[in-house]
Amino acid sequence: MQRTLCCSFLCLLLGVFTVSAQPSELPSTQINLQNLSDFKPTGGNWKIVGDAFYDLNKAGKASTKAGTGVLVNDLSGKSKDHLLTTMEHGDLELALDFMMEKGSNSGVYLQGRYEVQLFDSWGANVPKSSDCGAIYERWDESRPQGRQGYEGHPPTQNVSKAPGLWQHLSIVFRAPRFNAAGQKTANARFMKVVLNGVTVQENIEVMGPTRSAAFQDEKPTGPLMIQGDHGAVAIRNIRYKSYGVEPVTLTNMKLSAYEGKFASVSEFNTLTPKREMNIDVLAHSAPGSRDKFGGKIVGTLHIPRTGQYLLNLNLGWIPAETNPANPNGAGELMIDNKPVMSISGKNGGTASTMVTLQAGDHPAVLAYYKNFGLWYARSNDILLAVEGPGVQYTLLNPIIRAEDPVGEISLVTKGEPIMQRGFVNHHGTKHTHTISVGEPGQVNYSVDLRKGEFLQIWRGDFLETTPMWYGRGETQLSVPLGSVIELPGKPSLTVLADKNAAWPDSNATYNNLGYDVDKNGRPVFKYTLGGAQVRESFAAEEEGHKLSHTFTITPAATGSSAGEIWCRVAEGSDITQLPNGLYAINDKQYFIELPGKEKPVIRDTAQKTRELLLPVKASANGGTVTYSLIW
């Protein structure tokens, strides 16, 4: 859920109350990777380093750099111990980055008992319960041969990256529940597992500890464990939020409803409400006008423990883009008879604040009004969310609305490439003249035909087209179903006066000529760049492990604009040549492979990024540039 902030806060609070631009969520706790102090004593296989290198093509070629921040499992010695945190948790949100060695196997065990699998699953077409992102199987030796493993849950799709690249894993875990006598009343549950930005598990119940767990019993809490006896793995940026079982609640709600146009919620203090009613959900649910009303909701806010709480408020009828001179509503939240935050309506309908609250019950009053309706902001719902110490981000008393029960409309790549024209969202901007191509091997990409820009690549399933094809197609977007890497989106080719000239954001001389379809069903894009003729093509290679990108250029006639045509292969925060000859882009987000002994130009930009360029060595008969993306 996207949560935006409003800077129009009421600056009247004293003491513990502060109102300012706040993050939409509280920060996570970071596990210290400067040393092993946050972990229980373990074997010598676990080390803290500055960086790790795993060869894409061959296991056993690992190397590390001195430093801190990266945890590695080095199995070159005799020790093969697991690693357990000193922290013990119940309900948990966990996030980390990991890197696999070729063919390696590891796992993350919640409470030391329930495993999410880490595995080199690069290129696996049909993922199993042993693949990366799986909830690993349970094990019973007494079961028949070949059936000892059971209740494993494969990931919904394989979005694993290549060995040697950083990957991201996030988990929302609900611990098992027990009564006062210690009897289990509810099983552990993985509410969500997200691998490289794609949800691969959701609402998965685990009946008991999975195979190779550190503990075979079940308890309310336990340590986080990383498996250390199977294979090399590197891990960094381990962050978590740990939660108790007692929630924040809003009860005993009563709505006083007013009608008319208002300039301030303080007007309600001198008015008699048109009606009063008990309510269960946060919405202006009183009968009467839907466009000219005011309301005051009083209730009891229960806080389970003392600490600082983040509150987010959204009045659904006030859009983000509104006329500041004529806002269509406003609101104010008070706790313990003190103002906590306000929405003026001049800068949208959202606000956020941090407030210190004591454990116990607090009177809460939410006052608001709406002066006119907008066709694009019809909702009269109110969203109030809270997060605090041991309390997960919680939406209080939301109204539940049934969505239109339309199924997903999607495109699936089978034995040959598939193409789809449509709109694409890239870095928050809608590109309207795009084509997306799905290749066999679950390798996919999008290109902007109007600008000649290479927009994105992704691994996994191809496209969801529901926003394009259902009903009137409200957004017209085609949405990648796999794990997306958004590229910078500048022209791939341009004419530079010399190798030090800045790369342009667009090409004034670019002219799209459409595309042909080759004998394999792949598009070949055609355009001119000044007087030069260009044919650009992509192809999945090595069973989807690589995506080759090729340009064939027929140069302009003599006497055309001065300069040389260059190809911008990559841009990122950093570009590093690895011992195996590949180039790691943007903190090992993906690899670039250059053919033969091609030597690129790697340079810094004014935006403090780095670029990898190749010159187009065009003869009278033309020139060719090719490279491969690996991820």
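Strands here are DSSP runs of at least two residues, numbered from the N terminus, and two of them count as paired if DSSP finds at least two bridges between them. With that in hand, this predicted model can be read strand by strand.

A good place to start is the hairpin formed by β28 and β29, which leaves two residues between the strands. β28 covers residues 418-426 and β29 covers residues 429-439, and eight bridges hold the pair in the antiparallel sense. At the turn end of things, H426 sits opposite T429 of β29. In the turn itself, H427 has a positive phi of about 50°.

The chain then carries on into another hairpin, this time made by β29 and β30, with three residues between the strands. β30 spans residues 443-448 and runs antiparallel to β29, joined to it by six bridges. Among the facing residues, G438 stands opposite N444 in β30. A positive phi turns up in this hairpin too, near 95° at G441.

Elsewhere, β27, β32 and β33 make up an open sheet of three strands, in the order β27-β32-β33 and with antiparallel pairing. Its edges are β27 (410-411) and β33 (479-480), each of which pairs on one side only. β32 is made of residues 463-464, and two bridges link this strand to β27 in the antiparallel sense. Looking at that pairing by residue, L411 has L463 of β32 as its bridge partner. As a rule, strands of a sheet pair through backbone hydrogen bonds, either parallel or antiparallel.

Notes: Residues numbered from 1 in each chain as written. Predicted model: local features only at pLDDT ≥ 70, side-chain atom pairs only at ≥ 80, totals over all residues. Heavy atoms only, no water. Helix = DSSP H or I, 4+ residues; strand = E, 2+ residues; numbered from the N terminus.
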